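Student: Please pick one part of this structure and take me through it closely, strand by strand if that helps. I would like to follow along at the residue level.

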Amino acid sequence: MMGMFRKKKSEEPEEKQEERKIYIEGAGGTIVSKSILNGTSKLKWLFRQDAGHGNGWVAFGDKDTQDYVDDVNNMEIVDFNTLANIEPTVVNVFYMPMGSDLEFRDDKTGKYFVDTGTGKEIREPVKHPGQIAFEKNLKFLNQEAYAPDFFKGLFTEDERTAVVRAGRADFPTGEVVLADPLAYLGSKYETVLDKKIPAGSYPVELAVCRSGIVGQRVAAARLLIGSGHALSYEIAMPKGKKREDWGAPGAFTFFGVDTGLACFADAKASEDYRVFFEKWRQENPEGNKYIDYFKALFEKSDEENSAYRNTGVSFLAWKVPGGGERIVLFSSGMGDGIYSGYWGLDEKGEIVSLTVVFMNPSYF
């Protein structure tokens, strides 16, 4: 059938290809009965099967008999957009899962699909699974507290999770800064935390989620401060605010990300970062901080960590020129947003870690 698909695409007139509307980029191949393609029948049945071909969708016409569809010569593999140009309503159900079995209806109430298993009418576009997961994740983030088992699960290696050492960050003052390194580090918009940690150099770990929906992503980042085990967690409040201020007006317990990157940094490193880039901008007035400075450094880091090259995971252990403090920069889950840090506390209530949560992997 794949040979038949190639033949179809190569023989399609150029003017017809130009007229065809692309509803979904990269939609993949779809098996469609020739009666639908040549106009002798109208779309009636649409189901999705995991049979190793294209996107899994198969379409039959209202005049197709069982004998007709059993003959492989009466079926053709075409781009899903070819079917959508014949009946645009199919775009509404494109993201439905494998196993979907639908009947198309066109009556006085409009055009829609009916799930043959449940009888449910589908009249609105079905969201991409990634969009559904993203919306659930937004509601999940930045809560005052999560169960200790959630944090433990984030950094437990299994078939869907990898734990990666991204480098070490230096904290000469012990004053911790959470920020988007390209947009806010070294500015008044960075988030300085109220609690301090002992001066020192600490490793940064990334929990990488291997998702079948959105690919590889950084679900969480963790600064390992002590050798003990965290038994409880509490939200990291900004400087000048206490835990009891959570939820109060003006007590913003999160930091903003506008470039898809986050970092752990010391307050001194942040100041040295600001000074360095002020000078850099004077020398490069038209320069872009990422494109003209950080891009090559990230590309080198990606090459050294080839398992994550060209994925949604990127990180860089970088030393501030002049100051010498190390900062670890890393991808922020699904990208831009607002995120919170959580202190991990041992049995004595001492800080042993700081975790920033970007994603609940169970959603993805």
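Tutor: Let's settle one term before we look: contact means heavy atoms within 4.5 Å. Helices (H or I, at least four residues) and strands (E, at least two) are DSSP runs, numbered from the N terminus. This is a predicted model, in which local features need pLDDT of at least 70 and side-chain atom pairs count only at pLDDT 80 or more, while totals for chains, interfaces and linings use all residues. Residues are numbered from 1 along each chain as its sequence is written, and side-chain values use heavy atoms, with hydrogens and water left out.

As a warm-up, take helix 9, residues 290-304. Its buried residues (under 20% relative accessible area; exposed is over 50%, partly exposed in between, with a 1.4 Å probe and protein chains only) are Y293, F294, F298, S301 and D302. Strand 15 (261-266) and helix 8 (267-283) are among the elements that cover these residues of helix 9, and so are strand 16 (315-319) and strand 17 (326-331).

Now for the part I'd like to show you closely. It is an open sheet of six strands, antiparallel in its pairing, and the order across it is 8-11-12-20-19-13. Two strands pair if DSSP finds at least two bridges between them. Strand 8 (161-171) and strand 13 (232-235) each have a single partner strand, so they stand at the edges and one side of each is left without a neighbour in the sheet. From one strand to the next, the twist averages 25 degrees; axes here are lines fitted to C-alpha atoms, for helices over the stretch in contact, and angles run from 0 to 180 degrees between N-to-C directions.

Start at the strand 8 edge. Ten bridges hold the antiparallel pair of strand 8 and strand 11, and V163 faces A207 of strand 11 across that pairing, standing opposite it. Strand 11 covers residues 200-211, and nine of its twelve residues are buried, which leaves this strand mostly covered. Moving on, strand 11 pairs antiparallel with strand 12 (residues 215-224) over eight bridges. One register point to check on your screen is C209, whose bridge partner in strand 12 is R217. The link is a hairpin, with three residues between strand 11 and strand 12.

Next, come in from the other edge. Strand 13 runs antiparallel to strand 19 (residues 341-345), and four bridges join the two. You can read the register from two places: S232 stands opposite L345, and I235 has Y342 as its bridge partner in strand 19.

Strand 19 itself deserves a pause. Five of its five residues are buried, so strand 19 is largely enclosed by the rest of the structure. G341, W343 and L345 point one way, Y342 and G344 point the other way, and all of them are buried. On to its other neighbour: strand 19 and strand 20 (residues 351-357) run antiparallel and are joined by five bridges. G344 has S353 as its bridge partner in strand 20. These two strands form a hairpin with five residues between them, and there G349 takes a positive phi near 80 degrees.

For context, let's step outside this sheet. Another open sheet has seven strands in the order 4-1-3-2-5-6-7, and its pairing is mixed. Its edge strands, strand 4 (75-79) and strand 7 (121-122), each pair on one side only. Within that sheet, strand 1 (residues 29-33) and strand 3 (residues 57-61) run parallel and are joined by two bridges, with I31 opposite V58 in strand 3.

Two loop residues round off the tour. P97 sits in the loop between helix 5 (80-86) and strand 5 (101-107), and P97 is exposed, at a relative accessible area of 53%. Although 32 residues separate P97 and P129 in sequence, their C-alpha atoms are 8.8 Å apart in space. N142 lies in the loop between helix 6 and helix 7 (148-154). N142 is not a glycine, yet its phi is positive at about 65 degrees. With a relative accessible area of 18%, N142 is buried.
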